[in-house]
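Student: I have a model open and would like to talk it through with you. Could we begin with the sheet and then move on to the helices and the pocket?
Tutor: Gladly; here it is.

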Amino acid sequence: MTDVPKTHPRYLSLTLRDTIVAGVAQGITSVHGLIAHGRGEAFDYLIGETTQPFAIEAIHAAAAMLRLAKHPVISVNGNVAALVPDGLIELGQVLNAPLEVNIFHTETGREQRIREHLLKHKARSETSPANVGVEGAPDVLMPTTEAQLSYIDSNRKFVHPDGIFKADVVFVPLEDGDRCEALRKMGKAVVTVDLNPMSRTAQQASITIVDNVVRTLPLLCKEIREFSDSTAADTVSQYSNEAVLKKALQHISRCGNG
Ligand code: PTJ
């Protein structure tokens with residue numbers, strides 16, 4: 001880790017950089033993930049590096065949708081595994097949902113290293129007896145060749161038959177676009193977290209939380225815990241992703257004007 005003093009005005013942002021760089025060094029995060037992170041940083045800067053009201057609105061709807069889901073699944077790539085392993089596991093616990101490793105950039109052994117990293121953070125696996133007894137710990141599912149998504153050619157098409165393949169709602173933070181479109185075409189709802197409100201994923205998801213995933217996860221877990229099922233269906237039906245994305249874009253353009 002670099003020696004960034006806590007008093008540095010950009011301490012948090014620089015610490016996150018260290019975390020993602022460490023992810024690459026550990027072979028969890030793709031080197032391409034650094035570029036994706038930089039893109040995210042730029043949008044976070046424009047957003048004000050805090051969770052804005054349009055993100056709160058989306059988090060509220062996402063909590064309702066995930067609470068109502070019959071088979072929710074949390075998709076994990078190399079960036080989120082490095083940035084928020086504990087947050088992903090907490091989300092799996094509150095939803096009683098599995099985590100599924102699914103990466104875009106194919107690299108030998110990276111999927112396994114992500115799995116092991118999640119297990120170290122107390123996820124569970126049939127082949128990891130150490131964590132089997134951990135109460136409520138989510139399972140980690142791996143991609144297979146037995147189940148494949150339609151409408152997609154990349155490595156992301158390989159999924160687990162009991163995971164993303166049969167999910168009704170998929171939580172897909174920091175996505176590259178193609179899979180979000182494929183999942184929607186397959187009739188699944190997609191909740192994403194993406195700092196860029198103009199990305200293809202942001203535009204195609206059912207619910208887009210325009211916020212940094214490190215700020216979103218604790219808020220989302222808290223909302224899910226507190227949500228009343230009696231109001232969830234109304235929250236989902238009244239939500240407009242288009243309107244929320246418009247608010248995010250308006251916020252960004254106001255920042256630009258001064
Ligand atoms: O591990 P892999 O191989 O699956 O690769 C993961 C990345 C993220 C590299 C891959 O999915 C990718 O290339 O993604 P993109 O197309 O660069 O899109 C990533 C999106 O996430 C961009 O719109 C970024 O602005 C956004 N983003 C980056 N960091 C964050 C973020 N959104 C929320 N929180 C962040 N910390």
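Tutor: Before we start, two strands count as paired if DSSP finds at least two bridges between them, and please keep in mind that this is a predicted model.

Student: OK, so how many bridges link S1 and S6, and in which sense do they pair?
Tutor: Strand S1, residues 72-76, and strand S6, residues 169-171, are joined by three bridges in the parallel sense, and within that pairing Ile-74 has Phe-171 of S6 as its bridge partner.

Student: And what's the strand order in the sheet?
Tutor: The order is S3-S2-S1-S6-S7-S8, six strands in an open sheet with parallel pairing. Strand S3 (140-141) and strand S8 (207-209) each have a single partner strand, so one side of each is left without a neighbour in the sheet.

Student: Which strands does H6 touch?
Tutor: Helix H6, residues 110-120, packs on the sheet against S1, S2 (99-101) and S3, and its direction makes about 155° with that of S2. Helix H8, residues 178-185, lies across S1, S6 and S7 (189-193), and runs at about 155° to S7.

Student: Switching topic: where does Leu-91 sit, and is it buried or exposed?
Tutor: Leu-91 belongs to helix H5, residues 85-95, and its relative accessible area is 0%, which is under the 20% cut-off, so Leu-91 counts as buried.

Student: What does it touch, then, leaving out sequence neighbours?
Tutor: Setting aside residues up to four places away in sequence, Leu-91 touches Ile-74, Phe-171, Leu-217, Leu-220, Cys-221 and Ile-224. Two of these contacts we have already met, since Ile-74 and Phe-171 are bridge partners.

Student: Now the largest pocket: what's its volume, and which residues are closest to its centre?
Tutor: Its volume is about 680 Å³, and of the 33 residues that line it, Ala-36, Arg-39, Asn-79, Leu-174 and Glu-175 are the closest to the centre.

Student: Which element gives the most to that lining?
Tutor: Helix H2 does, with nine residues, while the elements giving two or more residues are H2, helix H4 (78-83) and helix H9 (200-204).

Student: Does the length of H2 agree or disagree with what you'd expect?
Tutor: It agrees, because the 16 residues of H2, 32-47, should span 22 Å at 1.5 Å a residue, and the end C-alpha atoms are 23 Å apart.

Student: Which residues of H2 are buried, and what comes just after the helix?
Tutor: The buried ones are Gly-33, His-37, Gly-40, Glu-41, Phe-43, Asp-44 and Ile-47, and just after H2 comes Gly-48, which takes a positive phi of about 105°.

Notes: Residues numbered from 1 in each chain as written. Predicted model: local features only at pLDDT ≥ 70, side-chain atom pairs only at ≥ 80, totals over all residues. Heavy atoms only, no water. Helix = DSSP H or I, 4+ residues; strand = E, 2+ residues; numbered from the N terminus. Expected span 1.5 Å × (residues − 1). Buried < 20%, exposed > 50% of the residue type's maximum accessible area, 1.4 Å probe, protein only. Contact = heavy atoms within 4.5 Å. Axes fitted to C-alpha atoms, helices over the stretch in contact; angles between N-to-C directions. 1 Å grid on protein atoms, 1.4 Å probe; cavity = no way out; pocket = protein on both sides within 12 Å on 5 of 7 lines; lining within 4 Å. Points joined across faces, edges and corners; volume = space filled by probe spheres on them.
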